[in-house]
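Me: I would like a close look at one part of this chain, with its surroundings described in order. Please explain each term at the point where you use it.

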Amino acid sequence: MSLNREKLHRTIQFVLDLLASRNFTELEKATDSIRMRAEEMGEAVDAYPGEIVAKFQPDDVDVVQIDTPIEECWSVDVRLHTDRESPSDLTASLTLSEDGSQMYRVELDGIHVL
């Protein structure tokens with residue numbers, strides 16, 4: 001099975017909506033806090049000037065398939081947009097895995113300047 005672009009975009013928009021609304025607790029729950037806790041998300045976002053806005057363009061997304069025999073998964077970097085820069089240098093790094101639902105299973109690996 002290959003990457004479903006519509007499902008990819010739906011998953012990214014879900015993450016961006018939570019980041020932009022600063023709902024880090026809900027994002028921690030959605031990602032099972034595998035990589036980042038809500039407090040760490042807040043610290044990473046607060047360290048960058050401006051407020052994240054919940055938008056992205058297809059050119060803001062870099063996807064690399066991860067070769068694993070266990071499950072289909074991808075490493076995804078999403079350039080974030082802020083109210084000061086569009087796009088900004090701030091990037092959300094995600095690991096997405098197929099799970100048969102409307103969105104990919106998400107791990108938030110980091111929020112950092114790239």
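Where does Leu80 lie, and between which two strands is its loop?

Reply: Leu80 lies in the loop that leads from β3 to β4 (81-82); helices here are DSSP runs of H or I with at least four residues, strands are runs of E with at least two, and both are numbered from the N terminus. This is a predicted model, in which local features need a pLDDT of at least 70 and side-chain atom pairs count only at pLDDT 80 or more, while totals for chains, interfaces and linings use all residues. Residues are numbered from 1 along each chain as its sequence is written, and side-chain values use heavy atoms, with hydrogens and water left out.

Leu80 itself is buried, with a relative accessible area of 0%; buried means under 20% relative accessible area, exposed means over 50%, and partly exposed is in between, with a 1.4 Å probe and protein chains only. Once its neighbours within four places in sequence are set aside, Leu80 is in contact (heavy atoms within 4.5 Å) with Leu16, Leu19, Ile52, Pro87, Ser88, Leu90, Thr91, Ala92 and Ile111. By contrast, Ser33 is 47 residues from Leu80 in sequence, and the two C-alpha atoms are 20 Å apart in space.

Some of these contact partners belong to strand β5 (90-97), and this strand is mostly covered, since eight of its eight residues are buried. In a regular strand the side chains alternate between the two faces of the sheet. In β5 both faces are covered, with Leu90, Ala92, Leu94 and Leu96 buried on one side and Thr91, Ser93, Thr95 and Ser97 buried on the other.

The strand belongs to an open sheet of four strands in the order β2-β3-β5-β6, with antiparallel pairing; two strands pair if DSSP finds at least two bridges between them. At the edges stand β2 (61-66) and β6, each with a single partner strand, so one side of each is left without a neighbour in the sheet. Neighbouring strands are turned against each other by 20 degrees on average, direction ignored, where the axes are lines fitted to C-alpha atoms (for helices over the stretch in contact) and angles run from 0 to 180 degrees between N-to-C directions.

Strand β3 (residues 73-79), which comes before the loop of Leu80, runs antiparallel to β5 and is joined to that strand by seven bridges. Within this pairing Asp77 has Ser93 as its bridge partner, and Val76 stands opposite Leu94. The pairing of β5 with β6 is likewise antiparallel, over eight bridges, and there the bridge partner of Leu94 is Leu108.

Two further contact partners of Leu80, Leu16 and Leu19, are among the buried residues of helix α1, which also include Lys7, Leu8, Thr11, Ile12, Val15 and Leu18. The 16 residues of α1 (residues 5-20) should span 22 Å at 1.5 Å a residue, and the end C-alpha atoms are 22 Å apart, which agrees; the expected span is 1.5 Å times one less than the number of residues. At the start of this helix, a side-chain oxygen of Asn4 comes within 3.0 Å of the backbone nitrogen of Glu6, and after the helix comes Arg22, with a positive phi near 60 degrees.

Lys7 also links α1 to the loop between β5 and β6 (105-113), where Glu98 has its place. The side chains of Lys7 and Glu98 make a polar contact at 2.5 Å, a polar contact being a pair of N or O atoms within 3.5 Å; within protein, one atom must be able to donate a hydrogen and the other to accept it, and residues adjacent in sequence count only if both atoms are side-chain atoms. A polar atom of the Glu98 side chain also lies 2.8 Å from the backbone nitrogen of Gly100, and Glu98 is buried, with a relative accessible area of 19%.

As for the chain as a whole, three helices and six strands are present, and buried residues make up 43% of its 114 residues. Among contacts with a separation of 6 or more, 52% come from residues 24 or more positions apart.
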